[in-house]
Amino acid sequence: MRRLGKTRRTVRTARGSGRVAAAACGAALALLTALPARAHTPGPAEPHWDLKDTGTTSVRFRGLAAVDRHTAWVSGTEGTVLRTTDGGESWRNVSPPGAADLQFRDIEAFDARRAVVLAIGEGEASRVYRTEDGGTTWTESFRNTDAHAFYDCLTFFDRRHGLAMSDPVDGKFRILSTGDGGRSWQVLPNDGMPAALDGEAGFAASGQCLVASGAKDVWLATGGAARARVLHSADRGLTWTAADTPIPAGDPARGVFAVAFRDRTHGLAVGGDYRADQPSPRAAAATGDAGRTWRPAGTPPPAYRSGVAWLPHSRSAALAVGPTGTDLTTDAGRTWRTLDTGSYDTVDCTADLGCWAAGEKGRVARLEN
């Protein structure tokens, strides 16, 4: 979306033992739910964001791909891509050469060596790069040549199959598809795509305006129009249905900024109005029917939120992040309460409870107990 420009999301192969991961999540969730409803300074035994030194304060990281507690990739302004393999203690700048003028708003990682990154913008500014050697070398696998297209987000179903989405072209959202892990891309036919509303587009704010769950299901979040919608496809982007959400709309700065699904039926949506001087009274919603209907949160986050992620091994806990803080739900999106007041744009969690967040001024953090 041109006004802001930029889920998971990440295809992960580094998994811990199921029992160990579940136990770790249970312990962390117990601590999370014990926190008071008001923001406060966390004690040493309470889960909190531990800021990592990325070596930069000028880059805004809206792209995040968490592989596990040790490995994560971030992407952002100034054509920057960083990678850590030691839990954030050190970061390697693995930016594609000659990309300093690009804005990398989404990144999807298969493991510590293989990743796909999306640059956003009008015309040829929208590009896709792929690496197979941890960012030592990159291959440009797609460059947009349509002046009317503006790509916002990408997602993968597995190591081979993925999609990228553009703001509407000729009245419909445009979908790119890959079947070879991002090495090549083809524009899908738009016969099965509903017409876009007047002014409707995606927000390239967190890499979570297009997210997949399972082998074929994918959701696309929109804003900027009279109604904020979520579109759903159950056949890898060939056909879509659209549903209205209760998240604020009716302005180019309002809509659904991010969605997250813990399975093919249960999902969360967050957003609002990204302008700092504007309220976002209904910034979150939830669905239990694959996005056919959405219910507003009874107690939503107190402000605009741009990223959301389910805690692994939990059917009810999730985190939402935005420039004014992090919020926690422990009842599947019915109520939210503030956990932290630091600024983050995107969040991602892994099976071993490797929850990461990233945002402005080079900020990257990992959730610690």
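Which cysteine does a disulfide join to cysteine 153? Hi everyone, let me take that one first, with the reminder that we are looking at a predicted model. The partner is cysteine 209, with an S to S distance of 2.0 Å. For those of you who like torsions, the one about this S-S bond is about 120°, so the disulfide is right-handed. Now look at where the two ends sit. Cysteine 153 belongs to strand 10, residues 150-156, while cysteine 209 is in the loop between strand 13 (186-187) and strand 14 (210-213), so the bond ties together parts that are 56 residues apart in sequence. Both cysteine 153 and cysteine 209 are buried.

The count comes to two disulfides, so on to the other one. Here cysteine 349 is joined to cysteine 355, S to S 2.1 Å. With a torsion of about 110° about its S-S bond, this disulfide is right-handed. Cysteine 349 and cysteine 355 are both buried. If you number the bonded cysteines in sequence order, you get the pairing 1-2, 3-4.

Let me finish with strand 19, residues 267-273. How many of its seven residues are buried? Seven of the seven, in fact. On one side we have strand 18, residues 254-261, running antiparallel to strand 19 and joined to it by seven bridges. Those two strands form a hairpin, with five residues between them. Strand 19 also pairs with strand 20, residues 284-287, again antiparallel, through four bridges. A handy residue to click on is leucine 268 in strand 19: alanine 260 stands opposite it, and so does alanine 286 of strand 20. Thanks, everyone!

Key
Residues numbered from 1 in each chain as written. Predicted model: local features only at pLDDT ≥ 70, side-chain atom pairs only at ≥ 80, totals over all residues. Heavy atoms only, no water. Disulfide = S-S within 2.5 Å. Buried < 20%, exposed > 50% of the residue type's maximum accessible area, 1.4 Å probe, protein only. Pairing = 2+ DSSP bridges.
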